[in-house]
Amino acid sequence: MAKELTSRAQDYSQWYNDLVIKGELADYSAVRGCMVIKPYGYALWENMRDVLDRMFKETGHQNAYFPLFVPKSLFEAEEKNAEGFAKECAVVTHYRLIADPKNKGKLMVDPEAKLEEELIVRPTSEAIIWNTYKTWIQSYRDLPILVNQWANVVRWEMRTRLFLRTAEFLWQEGHTAHATAQEAIAETKQMLDVYADFVENWMAVPVIKGVKTANERFAGAEDTFCIEALMQDGKALQAGTSHFLGQNFAKAFDVKFSDQNNKQEYVWATSWGVSTRLIGGLVMTHSDDEGLVLPPRIAPIQVVIVPIYKGEEQKAILDEKVAEIVKSFKAAGIRVKYDNSDHARPGWKFAEYELKGVPIRIAIGARDLENKQVELARRDTKEKSSIAMEGLTQTVETLLVEIQSNLFERAKKYRDEHITKADSWDEFIKILDTDGGFVLAHWDGTAETEDKIKEIAKATIRCIPLDNPLEKGKCILTGNASTQRVLFARAY
RNA sequence: CGGGAAGUAGCGCAGUCCGGUAGCGUACCUGGUUUGGGACCAGGUGGUCGCAGGUUCGAAUCCUGUCUUCCCGACCA
């Protein structure tokens, strides 16, 4: 009867799967590697999307939509980008099915309906977008182009995990075009800041901003900036990326503009994205063995009210009283649910909403009505207390803010406690094998060393933090000279 | 793609070794008692056992093939 959850200590990835499925964020589907995002999970995504969308618009961006399919000839135009994604592309080769003559009731691909040119299901949209921008841009007056699209993309991953890595996922991808490199770089950094702002202040997930090494760079980018988060099991998660694409795509798609002096120049580009993966990061940052813990600012339900009654008469009285509370909450912009369904008893509801991560639960019964109070339980600390009915809306508003900041502080404390400096190889491995987390260590700056470390330690350079202090040292692997520590971790 | 596991009622599972016409928990329906941490009693509904062949008087069970999903790795957001 109880929805048994695997504990984190037992099996962290099973715990994660249990939460996603039993918390009704998503479900497996009949399609390999593709998930169904359930209404509760989608509501969460909608909240995230709405906030981000507002932030994009506040920074001058507009939404547009480009096709799902990319003709192969366009896809291959930017060589590095194409090469980077080629091995994980779904490809459309035919456009029609016919009845299978050998197999009654079955269909087969019509061999007559082969496409002249294969269509790639977008793993990312630079190609189709830059092919379009070519027709939008003639003059410096057409710049900048600041466009974002909300879309699904497909990457045929070998191994998938709910939200963290699915074959199809939802995301947004910003694609901007600029007259100068400086402006494009400023845009890249601006969007990195937008992401960090969103993830920290709305999702309560602390992140480290940094730049990727050449090895980890987005295929086709000059520079990839990222925000890196740390999960409870000590593994890192790339939470968002913002790329300075230089003139790579402009050259590949021949996108030039006339500047003020009527000189033809290639356009400078950026692209940036975050995906439904953030939901996975959210789960693994805050949740516990009782279920999800959602930050108030993006929780689909911020407050759930559970009535406790004996008999229809009491229920009717509570319904009436709670209707006032709900009205007051809604007027204050609080997302509230009154669960007066009669098929589940209070204890069941308590457990259910804890599993769903609802930040605040209010229980109210005859006893409370008498005392003009309610029982209030917060999900983050599991504390219960009696709260006066008088000024309840204000109390709840304040508490939602407090929970939000508590979640962030708690996650940040954990994260900070799991950033360790390592000065030798043994120390490096020991940290990774025990507590995990981020390890700040010297690296000689070469791709070979980075590869070797990845191979032996299964750890990658997550980023070189922005504003990283310079510090002379020796590479933990090769002992060669190094000018700064970089951030290593095992990652999702 | 390599290794492992699994497909039987909405969900979670047993039954498969040793063939005899499908069972448990939960959910669901009806009635009643309940309701401050996952209620109880009584009665009920629901499954061509992933799919396709084969062996057999008879297949969830044996054989062959096939599809799908999950987990662990290599790849990646």
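**Helix packing and an open sheet**

In this predicted model, helix H2 (residues 39–58) and helix H8 (residues 277–286) approach each other, with axes that come within 11 Å. The axes cross at roughly 105°. Angles of 65 to 115 degrees count as roughly perpendicular, and H2 and H8 are therefore roughly perpendicular to each other. On the H2 side, the contact is made by Gly-41, Leu-44, Trp-45 and Met-48. Helix H8 contributes Leu-278, Ile-279 and Leu-282. By class, six residues in the contact of H2 with H8 are nonpolar and one is polar. No charged residues take part in this contact.

A second element is an open sheet of five strands. The strand order is E18-E17-E19-E20-E21, and the pairing is mixed. Strand E18 (336–338) and strand E21 (384–388) stand at the edges. Each has a single partner strand, so one side of each is left without a neighbour in the sheet. From one strand to the next, the twist averages 25°.

Within the sheet, strand E17 (residues 303–308) pairs with strand E19 (residues 360–365). The pairing is parallel and runs over six bridges. Val-306 has Ala-363 of E19 as its bridge partner.

Two helices pack on this sheet. Helix H10 (residues 346–355) touches E17, E18 and E19. The direction of H10 makes about 170° with that of E17. Helix H12 (residues 392–417) touches E17, E19, strand E20 (373–378) and E21. The direction of H12 makes about 10° with that of E20.

Terms used: Residues are numbered from 1 along each chain as its sequence is written. Chains are lettered from A and ligands numbered from 1 in the order in which they are written. This is a predicted model: local features need pLDDT of at least 70, side-chain atom pairs count only at pLDDT 80 or more; totals for chains, interfaces and linings use all residues. Side-chain values use heavy atoms; hydrogens and water are left out. Two strands pair if DSSP finds at least two bridges between them. Helices (H or I, at least four residues) and strands (E, at least two) are DSSP runs, numbered from the N terminus. Axes are lines fitted to C-alpha atoms, for helices over the stretch in contact, and angles run from 0 to 180 degrees between N-to-C directions. Contact means heavy atoms within 4.5 Å. Angles under 35 degrees count as roughly parallel, over 145 as roughly antiparallel, 65 to 115 as roughly perpendicular and the rest as oblique. Ala, Val, Leu, Ile, Met, Phe, Trp, Tyr, Cys and Pro count as nonpolar, Asp, Glu, Lys and Arg as charged, and the others, Gly among them, as polar.
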